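Welcome, and thanks for opening the viewer. Please have your selection tool ready, and we will walk through the stops together.

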Amino acid sequence: MINYLPLDAITPNDFIPILNKPSTRQHLIEHAPFDAQSIKAWVREKRHIDAQDGCLVRAVSVNNCLVGWCGIQRAEMGVELAIVLDDTHWGLGRHVFKFLLLRAEQLGHQVIYLHLLHTRRDSRFLTQCARRVFKTHMLGECFTTYEIKVGD
């Protein structure tokens, strides 16, 4: 069973094994590995985003085991979805995506964007959901961006 928990329900250090795992990091923008201090700052920032109107950030738990995080957050292009899962649970990505899409609709968003770093192969599922797929450059990296109409 998948649960979506507020970040304050999770001990910050519990995120470190997932976010520092090489299989996770290869699909994230390059940054220093997390330690006890930096993970607290990261969680604090994500909780700040969660408190913003129209945003949502949640820990993803399966059978009471933390497997990642997800969110609806504001970005350069508008509202973006973020999904970061431990590689042992990548198969849950569609379920998490559908949860976020439903929440985006409840929050009143019309369009959302999902950016996959160039290290990820194109997603047939996301291409079918998207009204437009294109390349973007942000933070010195290249992404495949999926523009998705909410409520379709």
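Which side chain meets that of Arg58 in a salt bridge? Select Arg58 and Asp50: their side chains form the salt bridge, at 3.0 Å from N to O. Keep in mind throughout that this is a predicted model. Arg58 is buried, because its relative accessible area of 16% falls under the 20% cut-off. Asp50 is partly exposed, with a relative accessible area of 24%.

**Strand 2 and its neighbours**

Now extend your selection to strand 2, residues 56-62. Here 7 of the 7 residues are buried, so the strand is largely enclosed by the rest of the structure. In a regular strand, side chains alternate between the two faces of the sheet. On one side of strand 2 you will find Leu56, Arg58, Val60 and Val62, and on the other Val57, Ala59 and Ser61; both faces are covered.

Next, add strand 1, residues 2-5, which runs antiparallel to strand 2 and is joined to it by 4 bridges. Try clicking on Ile2, whose bridge partner in strand 2 is Val62. Then pick Asn3, which stands opposite Ser61.

Strand 3, residues 65-75, is also antiparallel to strand 2, with 7 bridges joining the two. One pair to look for is Val60 opposite Gly68. Strand 2 and strand 3 make a hairpin with 2 residues between them, and Asn63 in the turn has a positive phi of about 50°.

**The whole sheet**

Zoom out and show the strands. An open sheet is formed by 7 strands in the order 1-2-3-4-5-7-6, with mixed pairing. Strand 1 and strand 6 are the edge strands, each pairing on one side only. From one strand to the next, the twist averages 30°.

**Helix 4**

Select helix 4, residues 93-106. What does helix 4 lie across? The answer is strand 1, strand 2, strand 3, strand 4, strand 5 and strand 7, and the helix runs at about 150° to strand 4. Its 14 residues reach 20 Å from the first C-alpha to the last, close to the 20 Å expected at 1.5 Å a residue.

Color the buried residues of helix 4: Gly93, Val96, Phe97, Phe99, Leu100, Leu101 and Ala104. An α-helix has 3.6 residues a turn, so residues three or four places apart point the same way. Just past the helix, stop at Gly108, which takes a positive phi of about 90°.

**More salt bridges**

How many salt bridges does a search of the whole structure find? There are 6. Side chains of opposite charge can pair when their charged atoms come close.

Select Asp86 and Lys21, whose side chains meet at 3.1 Å, N to O. This pair links distant parts of the chain, 65 residues apart: Asp86 is in the loop between strand 4 and helix 4, and Lys21 is in the loop between helix 1 and helix 2. Asp86 counts as buried at 10% relative accessibility, while Lys21 counts as partly exposed at 25%.

For the last pair, go to Glu147 and Arg132, which form a salt bridge at 3.1 Å, N to O. Glu147 sits in strand 7 and Arg132 in strand 6, 15 residues apart. Is each of them buried or partly exposed? Glu147 is buried, with a relative accessible area of 7%, whereas Arg132 counts as partly exposed at 41%. To finish, select Lys21, Asp86 and Asp87, which salt bridges with shared partners join into one network.

How values were computed
Residues are numbered from 1 along each chain as its sequence is written. This is a predicted model: local features need pLDDT of at least 70, side-chain atom pairs count only at pLDDT 80 or more; totals for chains, interfaces and linings use all residues. Side-chain values use heavy atoms; hydrogens and water are left out. Buried means under 20% relative accessible area, exposed over 50%, partly exposed in between (1.4 Å probe, protein chains only). Two strands pair if DSSP finds at least two bridges between them. A salt bridge is a side-chain nitrogen of Lys or Arg within 4 Å of a carboxyl oxygen of Asp or Glu. The expected span of a helix is 1.5 Å times one less than its number of residues. Axes are lines fitted to C-alpha atoms, for helices over the stretch in contact, and angles run from 0 to 180 degrees between N-to-C directions. Contact means heavy atoms within 4.5 Å.
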